[in-house]
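Let's take a walk through this structure together. Have the viewer open and follow along as we go.

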Amino acid sequence: MSDGLRAQVGQLARRSVLRTLRQPAQFVPALIFPLFLLAVNSGGLKDATNLPDFPTDSYITFAVAVTFMQGALFSVMNSGTDLARDIETGFLNRLALTPLHGAALLTGLLAGSIVLGVIQGVVYLVVGVAGGVEVAAGVGGAVVLVLLSVAVTTAFGTIGMFAALRSGSGEAVQGLFPVFFVFLFLSSSSLPLDLLTTDWFHAVATINPVSYLLEAFRSLLIEGWNAGELALGFGIAAAIFAIGMTAAARSLKTRLVRT
Amino acid sequence: MSAPRQTETPGFRAITGAVAWRSIHNFFGNPALLVPALIFPLFFFASFAGGLAAIGEVPGFEFSSGYTAFQFVFVLLQSAAFGGVFTGFGIARDFETGFARRYLLAAANRNGIIAGYGVAALVRAFFTWTVLTVIALVAGMQIGGEGIELVGLYGLAILVNIAATLWAAGVAMRVRSIQGGPLMQMPVFLILFVAPVYVPLDLLSGWIHAVASVNPVTALLEAGRGLISGDPTLIALAFAIAIALGFVFAWWSRGGLRSAEAAG
């Protein structure tokens, strides 16, 4: 990376991080809402651990993986809404007049998602452990959990950016939230794949990549170190990141031509 | 010289009809409003009844009509409540655009405005419930209750819809901006989810059991589940709670209307 490009990324990253941290309305719901659902679901579905072959006797340990995923979904909203606001207010048009590199814009904007991912990962883990979550992989596993949270949050953030560049509307980005919730709910979010007894639901959850992201989180929490599950989780996050970045870069080119 | 022409002031029924007609027309004519109202309950039903079907096999879980019917009642009452909340969003939007102020100017009996929104909320809810019920039956939902019990179940849902609409209307008329949306939505969301959503109250433990035991929604859910399975329970309590909520929120929405009138 050239010095010029590094400076551009640095400036935009700084702006993105500050913007995220200065707007509690953005990151507080991303912390509170998933933790509330964790509390409710871990209480309400506690008896699911009595099902034969349920992998753990602590439902909160099983359910906290969903909390990490819900946090990542908020990243779609945050990164996308920020960029959409830049488009709506004309800030992107002003940037287009400068010699700014497109890659610097996208990379810089993701910095906010990365910071949010770190904050979310640490908070969910600390609150979860205080509430009874066990991390079978130990302290090292806890670190990898946060890294996986950052990877998933960043990957989903690229989809938010793509949506913003494609639509140019914050409202359209907000409209993505329910769509992503569908992906989350139609997965192994509440029960393991093997215990999804409804045929069509089992089939959908099996091809839903979110199920495997959840399995990666759960492997560290329930099993310990499972290289296969982790590789699959990080691999899916990397694939979402690559697809999201490519789509966002193409949309950015189109949008800059329009402006 | 002829006498000046008198314009007849529209009465309660005319205002109710006009407000309801416009809201219903907006709802059915705008896919951005129609689709989420329909998709969300269906989606919750699919993910709860489909994804959690194995919960019906948890030791101690006894519900004669099966897990699909168990979750159907929750989704029915949830859609009733959220139908009311979404109507509140429409009221807030009408205030933001200034349309509601025209209602206030034109209506002699302004209670008709609230009633009109209420009628629209009910029509929306009937549409959603029809689709939800058909899909549940196609999915194999077993109904143990008889006709009168099912009337009771839907009657309960109607009362919940009215109460939720009056709650949301009260907030919308006080805040008069769509920014009041979370204020309408979050309390309803919280009170619904700290009830026995996934398993009966007896199978809950810890803090959620303590909260669910005093949550009025628990009685509504248990009565609804009793009605669908043909094993009525807590019926009088549930209807008393639903009617009481309706009266409390009618008073609350009337206060909201006064606040909107005072704001001009």
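Which residue just after α5(B) takes a positive phi? That would be B:Gly140, with a phi of about 100°. Before going further, keep in mind that this is a predicted model, so every angle and distance here is computed from predicted coordinates.

The helix leading up to that glycine is worth a look of its own. Helix α5 of chain B covers residues 111–138, which makes 28 residues. From its first C-alpha to its last it reaches 41 Å, close to the 40 Å expected at 1.5 Å a residue.

Zoom out to chain B as a whole. You'll count 10 helices and 0 strands, so from the N terminus on the elements simply read α-α-α-α-α-α-α-α-α-α. Along the principal axes, the C-alpha atoms of chain B fill a box of roughly 85 × 35 × 35 Å. What about the radius of gyration? A compact globule with 264 residues would have one near 18 Å, and the 20 Å of chain B agrees with that.

Now for the inside. Buried residues account for 47% of the 264 residues in chain B. If you take the contacts in chain B between residues at least 6 apart in sequence, 80% of them join residues at least 24 apart. The largest nonpolar core has 163 residues, and B:Val160 and B:Leu220 touch the most other members. The biggest contribution to this core comes from helix α3 of chain B (residues 67–97), which gives 17 residues. To see one of those well-connected members up close, click on B:Leu220: leaving out residues up to four places away in sequence, it touches B:Leu77, B:Leu156, B:Val160, B:Ala238, B:Ile241 and B:Ala242.

Back to backbone angles for a moment. Most residues other than glycine have a negative phi. Two residues of chain B go the other way. B:Arg176 is not a glycine, yet its phi is near 55°; you'll find B:Arg176 in the loop between α6 (147–175) and α7 (181–193) of chain B. B:Leu234 also has a positive phi, of about 55°, and sits in the loop between α9 (216–229) and α10 (235–263) of chain B. Are these two buried or partly exposed? B:Arg176 counts as buried because it has 20 C-beta neighbours inside 10 Å, while B:Leu234, with 19, counts as partly exposed.

Next, the place where the two chains meet. The contact takes 23 residues from chain B and 21 residues from chain A. On the side of chain B that touches chain A, the elements giving two or more residues are α2 (31–51) and α8 (207–214). The largest share, 5 residues, comes from α2(B). Sorted by class, this side of chain B has 17 nonpolar, 5 polar and 1 charged residues.

Finally, how confident is the predictor? For the complex it gives an ipTM of 0.72 and a pTM of 0.82. Chain B has a mean pLDDT of 90, with 97% of its residues at 70 or more. For chain A the mean pLDDT is 87, and 97% of its residues reach 70 or more. Among the elements of chain A, helix α10 (residues 209–223) has the highest mean pLDDT, 95, and helix α7 (residues 170–174) the lowest, 73. As a rule of thumb, where pLDDT is low, the predicted coordinates should not be read in detail.

Conventions. Residues are numbered from 1 along each chain as its sequence is written. Chains are lettered from A and ligands numbered from 1 in the order in which they are written. This is a predicted model: local features need pLDDT of at least 70, side-chain atom pairs count only at pLDDT 80 or more; totals for chains, interfaces and linings use all residues. Helices (H or I, at least four residues) and strands (E, at least two) are DSSP runs, numbered from the N terminus. A residue is buried if 20 or more other C-beta atoms lie within 10 Å of its own, exposed if 12 or fewer, and partly exposed in between; C-beta atoms are placed from the backbone. Two residues are in contact if their C-beta atoms, placed from the backbone, lie within 7 Å. Ala, Val, Leu, Ile, Met, Phe, Trp, Tyr, Cys and Pro count as nonpolar, Asp, Glu, Lys and Arg as charged, and the others, Gly among them, as polar. The radius of gyration is taken over C-alpha atoms; the globule rule is 2.2 Å times the number of residues to the power 0.38. A nonpolar core is a set of buried Ala, Val, Leu, Ile, Met, Phe, Trp, Tyr and Cys residues joined through C-beta atoms within 7 Å. pLDDT is the predictor's confidence in each residue, from 0 to 100. The expected span of a helix is 1.5 Å times one less than its number of residues.
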